[in-house]
Structures are given as structure tokens and as C-alpha cells.
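Q: Can you walk me through this one? I have the sequence and the model up.

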Amino acid sequence: MQAEYQQRREQLMAKIGNGTAIFCSAPMAVMHNDVEYTYRQDSDFFYLTGFNEPQTVAVLAPHHPEHQFVLFVQPKDREKEVWTGYLCGVDAAKEMYGADAAYPIAELDEKLPQYLEKADRIFYHLGRDRNFNDTILRHYQSLLRTYPRRGTGPKGIEDPGIILSTMRLVKSEGELNLMRQAANIAVEAHKRAMEVTAPGRYEYEIQAEIEHIFRLRGGMGPAYPSIVASGANACVLHYIENHRQMQDQELLLIDAGCAYGYYNSDITRTFPVGGKFTPEQKTLYEIVLEAQKQAIAQVKPGNTFNSVHDAAVRVITEGLVEICILKGEIDQLIAEAKYKPYYMHRTSHWLGLDVHDVGVYQHGEDKPQILQPGQVLTVEPGLYIVPDTKLAEDQPETDPRWVGIGIRIEDDVLVTPTGHEVLTAGVPKEVADVER
């Protein structure tokens, strides 16, 4: 992978010209008091370096005569390593990660100016670390003050995120291999969940089965807090309590993905706890399933990102009219977003190093993103008949027999040169396959 990291750095440096790009590692996150969460590197930092330690800074200076890639890292510290694990250290950072120069992080203030004073811009994202933001601004302001004497130095700060998000949007074969593995592990976990779900079991039991598979198969763990939502809990989009006892004649909605090698999968399935849909559940499920199929069919090069959502909205709106939850002319209902009380989220998001991965969806008001090979997106339509839904005056009251049903079906879809590949197709979703 080091050759790929180097290629990414070279691609970014070609785009920033005479600028200097600075990236700070993610901070440690505290669980409680002095206990920290498992460390997870900032995605942009990892994308460019593969380096997975905190208190680290990466500098890309294409204009520097000797050091285009510089790392500032924690030095080796035997006493600290006994408590919290081995550190790469300065020497190994240069040897293992291809840096032209590496320094202890304590020398950042001293060494950084030499990589900034000939740059015309600083590329830096003013992010979560306020102290480091202040460090960059202090160096920038100092160089501005001395600019008249030198005639060189940065005259502005620009966020590198737009450049990087464009790069990250199209996945390499190496990235896709990791995403396929994340998908395969999650597929196995969802199939296991379907096997063990039964009336009387608790949501957290199913969560445990899923996340056991994630770690058993070498995953880093859940890509996000697993949603295991039975009954009306499925109408809460980000329900994560997972403590309810499941009952017969209810649905179970599971939204769970695996992180593998820093890349993520994201799958949702909804199925009957007791093995058989009620008539109302089956009707709504078939609407969502058809919406997903029509949306996936839109995933191909040259189509717009919005076309996926538009296809799902049309099928859902038509279905809601057919079962008399909505009334009116289809195009007008869509134009007025009358479906939103029952389908309030978008159909897709980008997927990759982040679950909601970087990448624009729209280039201005009239220029939606065009799908191209190598992009990976979710396709996840849903229907949620929330008990206290507020309806427009021209719409009928919702028949109580539909209320409390929540359904979502989600797959991860790769745009290929000729169409698409559903990376998570191994999890059953046809009615005949999810019933038992």
C-alpha cells in the first residue's frame, strides 16, 4: 500500500502547485475520565500516509528542494510504550512511511517555517483541534508580517478538502478490495442475525451476534453504532439503544456495517421477527423493495446522483397512493414532497473511508454529480409510519393498521464501467427469502 499512499501524495502535490499542505492526526477521544476510546486516525491523514498514531503532523511541500513529504511524530519512549503500546518513532517513520524527513512532534514550531516561507498558500482544514488551528494561524500571521522583507510566503489559507474529496470519491482497486471484504463480513453477520432472531429475544442479543462476526472475521468492529430496532423502534432512524424484547408479528430493522482496514460497509435489512409478514407489513415491504430495485437500476456511469433518489421517491409515492395513505396526482405529490412524513431521508450517500464519505453531491444548483466508475454509494429507501406523523390538511388520516411499521432496505453499490455491482447482494431481501 505504501506505493499507493505515495501516488496519492504526488497527485495532491501536483494540484496544490506552490502551496504547502498540512494535515493533523485525529485527537484521542475520551470515553470517560482517563479512559480513551480505541484510536481511529483522521481519514484524510490516513488516506495520504497510512500512519495510525495520534499527535502526528504531515506536511506536503512540493516546492521544497529536499523534503516534499515530512512527518512530525511522537518519538520512541520506552516508559510510555509499556503502558499504551509501541510507537513508530522518528527513524522508522522515515523508513516505513517514505517520508523525506521526520522530526519529533515537539520540534514542529521550530521546523515548520522552512516548509511555509516559500509557499504561496497554506492548504489546511480548520478542524476540531482548536489548539492546532491556533498554531497554524500563528505561523501564517508571522509569515504575513515578514512578507515585505522576503517577498515570499503564504498569502492565504485554503481548505484542501475539496481536492481530497474529489480524489477519494473514486476508489482504487486496492480500496475496493478492502470494501469488498468489509461487505462480505457484514453480509455474513446479517445472515447470522436472520438465523437467530426469534420472539422473546432482546435486540442487544442480535447486536452481539452481528458484532461478534465483525471481530471474528478480522474487522475493526462496527463501522457505526449498530441499529437493531424492533417494532415501532424501527421508525427511529438512528435508534441505538437496542434494549427491547422482540415480539411475534413485529419487524426487526437491522442497520449495521463492518469496518475493515479503515474502509466501511453499510447494510440494512428488515424482516419479520416470527418468520412471517403480516399483510400490512408485506405490502409496505414490497413497496420499499421495488423502490430499491428501481433506484439501483439508475446506478450507472453518466446518470446523475439525484436520479437514484428520484427513482425511489416515485415508487414510494405511487405505493402510498395505491394503499390510500396519500391521495393526489403523483407528479404533484412528488413536487410538493408529500411523501416526506413517511420517507424523510435521502436514498444514498457516498461510502468509503467514512461511512458518510466525502464527495460533493451537487456542483451548484443545476449541476448534480455525475456517476462514474469507481464510486461507491448506498441505496437505502425506507418507509416509516410514525404514530404522531403530522400530515398536510389535504391528506387523509393514516389508517391505524399501518402505524408503527418501519422498513428500510440498504445495499452498497459500486459504479462499474458498464453499470453497477451490488457489493452486499449476499444478504437475502426477497419476501420468500426473508420469511421462514
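A: What follows is a short tour of the chain, one sheet, one helix and a few single residues.

Q: What should I know about the source before we start?
A: This is a predicted model, with local features needing pLDDT of at least 70 and side-chain atom pairs counting only at pLDDT 80 or more, while totals for chains, interfaces and linings use all residues. Residues are numbered from 1 along each chain as its sequence is written, and side-chain values use heavy atoms, leaving out hydrogens and water.

Q: How many helices and strands in the chain?
A: The chain comes to 13 helices and 19 strands. These are DSSP runs numbered from the N terminus: helices are H or I with at least four residues, strands E with at least two.

Q: And what share of the residues is buried?
A: Of 436 residues, 52% count as buried. Buried is under 20% relative accessible area, exposed is over 50%, and partly exposed is in between, using a 1.4 Å probe and protein chains only.

Q: What does the C-alpha trace span?
A: About 75 × 50 × 40 Å along the principal axes.

Q: OK, the six-stranded sheet. What's the strand order?
A: The sheet is open, pairing is mixed, and the order is 6-5-4-1-7-8. Its edge strands are strand 6 (101–104) and strand 8 (157–158), each pairing on one side only. Two strands count as paired if DSSP finds at least two bridges between them.

Q: In which sense do strands 7 and 8 pair?
A: Strand 7 (residues 122–123) and strand 8 are parallel, over two bridges. I122 stands opposite I157 in strand 8.

Q: Which strands does helix 1 touch?
A: Helix 1 (residues 2–16) packs on the sheet and touches strand 1 (20–24), strand 4 (57–60), strand 5 (69–73) and strand 7, and its direction makes about 55° with that of strand 4. A contact here is heavy atoms within 4.5 Å. Axes are lines fitted to C-alpha atoms, for helices over the stretch in contact, and angles run from 0 to 180 degrees between N-to-C directions.

Q: What about helix 4, where does that lie?
A: Helix 4 (residues 89–97) lies across strand 5 and strand 6, at about 145° to strand 5.

Q: Switching to helix 6. Where does it bend?
A: Helix 6 bends by about 35° at L144, and P148 follows within four residues. The bend is the angle between axes fitted to the seven residues ending at that position and the seven starting there.

Q: Which residues of helix 6 are buried?
A: F132, N133, T135, I136, H139, Y140, L143 and T146. The buried residues of helix 6 pack against strand 1, strand 4, helix 5 (108–111), strand 7 and strand 8.

Q: H139 caught my eye. Why does it count as buried?
A: Because the relative accessible area of H139 is 10%. H139 touches D109, L112, P113 and L116, not counting residues up to four places away in sequence.

Q: What comes just after helix 6?
A: G151, with a positive phi of about 80°.

Q: Which residue other than glycine has a positive phi near 55°?
A: Q55 is one, and N242 also has a positive phi, of about 55°. Most residues other than glycine have a negative phi.

Q: Where do Q55 and N242 sit?
A: Q55 is in the loop between helix 2 (43–49) and strand 4. N242 is in the loop between strand 10 (227–230) and strand 11 (251–256).

Q: Is Q55 buried or partly exposed, and what about N242?
A: Q55 is partly exposed, at 46% relative accessible area. N242 counts as buried, because its relative accessibility is 1%.
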